[in-house]
Amino acid sequence: MKAAVVTDFGKPLEIQDLPTPQPGPGQVLVKMEASGLCHTDIHAAHGDWPVKPQPPFIPGHEGIGPVTAVGPGVSADLVGKRVAVPWLGSSCGTCRYCVSGWETLCESQVNSGYSVDGCYAEYAVADAGAVVQVPDGVSSFDAAPLTCAGVTTYKAIKVAKVVPAERVAVFGIGGLGHLALQYARLVGGLVTAVDLEPDKLGLAHRLGADQTVNARTHDPVKEIKKAGGADVAVVLAAAPQAFEQAYRSLNRGGRLVMVALPADNAAINVPIFETVLGGISVIGSIVGTRQDLSEVFALHAAGRTQVIAETRRLDQVNDSFDEVLGGRAEARLVFEF
Ligand SMILES: [Zn+2]
Ligand SMILES: [Zn+2]
């Protein structure tokens with residue numbers, strides 16, 4: 001099978017011809033139809049974060065396709081079913097997080113395209129318990145971005161407990177942001193979209209943002225305060241400055257939801273006095289659970305969300321990384337097979 005492989009941090013990925021993996025006990029083999037490019041894959045390939053993957057490895061955690069084989073202990077009924085291979089490659093199933101619907105916090109989790117090979121390949125093996133079935137009403141092309149960008153922003157809106165008429169500021173439009181603003185609107189939020197690129201703000205406007213702010217030309221804190229301040233600020237831009245602006249744009253009772261992961265282990269200054277008196281919450285939100293992803297697919301199948309993405313071939317992977325890093329990709333890029 002063809003696969004895009006990270007051979008060393010910071011090096012261009014190599015397209016290699018590798019043997020098709022065989023599903024082991026508890027695993028399924030998935031024939032990829034679509035595989036999304038998430039910014040995390042670029043961080044993985046660069047070894048940007050404190051916990052690093054081990055090259056050589058195959059990135060990718062937005063893989064969609066039918067199950068073509070199952071390993072020992074897995075029901076053959078799964079063969080032919082279309083599934084999503086998400087970031088959460090597997091979890092222990094028995095710890096306090098796993099048994100309380102927070103498997104995304106499992107300390108024994110493995111991650112697709114990071115600690116195990118992922119979906120930038122014609123085939124991938126995945127844990128049968130971690131994959132999520134894709135309903136007929138959702139195309140593989142749309143399902144790919146929903147599998148990380150969708151579920152991650154859906155969860156961010158959920159943990160922020162947005163109620164109707166609250167203002168939700170979304171910092172960073174693009175693969176994640178264009179979906180975040182749709183989920184914020186679905187629960188009744190008034191949306192302010194913040195980005196540096198006019199094209200992305202145009203996209204936010206088309207998708208129903210109530211206010212757009214170009215942070216290159218305007219101070220987002222001032223503009224959001226003019227509109228009444230944010231009750232929730234979701235940060236999807238990997239610049240620490242965006243987190244600080246998001247914090248300062250909050251009303252009393254506001255919730256800052258941190259989602260983007262800047263390189264290294266960047267910190268922001270959270271003033272204690274203002275946080276206490278303002279009753280501010282700072283929330284970290286990491287991807288979403290299998291149940292969250294099922295809900296994301298159900299909403300999409302019902303026509304409530306729109307996925308903005310473009311297709312690329314797997315052999316364009318390095319150019320695609322450059323497009324994302326240069327901010328030239330309007331939203332998500334999806335490799336089609
Ligand atoms: Zn991702
Ligand atoms: Zn666990």
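## Two zinc sites, two cores and a set of salt bridges

The zinc ion (ligand 1) takes its protein donors from C38 (SG), H61 (NE2) and C148 (SG), which lie 2.0 to 2.2 Å from the metal. Please keep in mind as you read on that this is a predicted model. Along the sequence, the donor residues of this zinc ion (ligand 1) follow the spacing C-x22-H-x86-C. C38 sits in the loop between β4 (34–37) and α1 (39–46), while C148 belongs to helix α2 (residues 140–159), so the pair ties together parts that are 110 residues apart in sequence. C38 and C148 are both buried.

### The second zinc site

Now to the other metal. The zinc ion (ligand 2) has C92 (SG), C95 (SG), C98 (SG) and C106 (SG) as its protein donors, at 2.3 to 2.4 Å. What arrangement do the four donor atoms around the zinc ion (ligand 2) make? The arrangement is tetrahedral, because the angles they subtend run from 106 to 118 degrees. In sequence, the donor residues of the zinc ion (ligand 2) are spaced C-x2-C-x2-C-x7-C. Both C92 and C106 lie in the loop between β7 (88–90) and β8 (110–111), so this pair ties together parts that are 14 residues apart in sequence. C92 is partly exposed, with a relative accessible area of 33%, whereas C106 is buried, with a relative accessible area of 3%.

### The nonpolar cores

Next comes the interior. The largest nonpolar core has 44 residues, and the members that touch the most others are L146, V168, V170, V234 and F297. Which elements each supply at least two residues of this core? They are α2, β11 (167–171), α3 (177–186), β12 (190–195), α4 (198–206), β14 (230–235) and α8 (290–301). Helix α2 gives the most, with eight residues. In terms of domains, this core draws at least three residues from domain 1 (2–133 + 307–336) and at least three from domain 2 (149–284).

F297 is a good residue to click on. Leaving aside residues up to four places away in sequence, F297 touches A84, V132, Q133, V134, P135, V138, A143, L146 and T147. A second, separate core holds 26 residues, among them A3, I58, A121 and L314.

### Salt bridges

The count of salt bridges comes to 13. Three of them are set out here, each with the N to O distance and the relative accessibility of the two partners.

| Salt bridge | N to O distance | Basic partner | Acidic partner |
|---|---|---|---|
| K158 and D292 | 2.8 Å | K158, 37%, partly exposed | D292, 1%, buried |
| R312 and E323 | 2.8 Å | R312, 15%, buried | E323, 16%, buried |
| R313 and D315 | 3.2 Å | R313, 48%, partly exposed | D315, 49%, partly exposed |

The side chains of K158 and D292 meet in a salt bridge. This pair links distant parts of the chain, with K158 in helix α2 and D292 in helix α8, 134 residues apart. Is D292 buried or exposed? D292 counts as buried, because its relative accessibility is 1% and the cut-off for buried is under 20%. Its partner K158, at 37% relative accessibility, counts as partly exposed. K158 and D292 also belong to a network of salt bridges that links them with K155 and E295.

R312 and E323 form a salt bridge as well. Here R312 is in strand β17 (residues 309–312) and E323 in helix α9 (residues 317–325), and the pair links parts of the chain that are eleven residues apart. R312 counts as buried at 15% relative accessibility, and E323 counts as buried at 16%. R313, for its part, forms a salt bridge with D315. R313 is partly exposed, with a relative accessible area of 48%, and D315 counts as partly exposed at 49%.

### A loop proline

One last stop is P21. Where does P21 lie? P21 is found in the loop between β2 (14–17) and β3 (27–31). At 23% relative accessibility, P21 counts as partly exposed. The contacts of P21 are M1, L29, Y123 and V125, not counting residues up to four places away in sequence. The C-alpha atoms of P21 and S115 are separated by 16 Å, and the two residues are 94 residues apart along the chain.

Notes:
Residues numbered from 1 in each chain as written. Chains lettered and ligands numbered in written order. Predicted model: local features only at pLDDT ≥ 70, side-chain atom pairs only at ≥ 80, totals over all residues. Heavy atoms only, no water. Donors = N, O, S within 2.8 Å, 3.2 Å for Na, K, Ca; no water. Helix = DSSP H or I, 4+ residues; strand = E, 2+ residues; numbered from the N terminus. Buried < 20%, exposed > 50% of the residue type's maximum accessible area, 1.4 Å probe, protein only. Core = buried A, V, L, I, M, F, W, Y, C linked by side-chain atoms within 4.5 Å. Domains from an automatic or database assignment. Contact = heavy atoms within 4.5 Å. Salt bridge = Lys/Arg side-chain N within 4 Å of Asp/Glu carboxyl O. Tetrahedral: all angles 85-135°; square planar, octahedral: opposite > 155°, others 65-115°.
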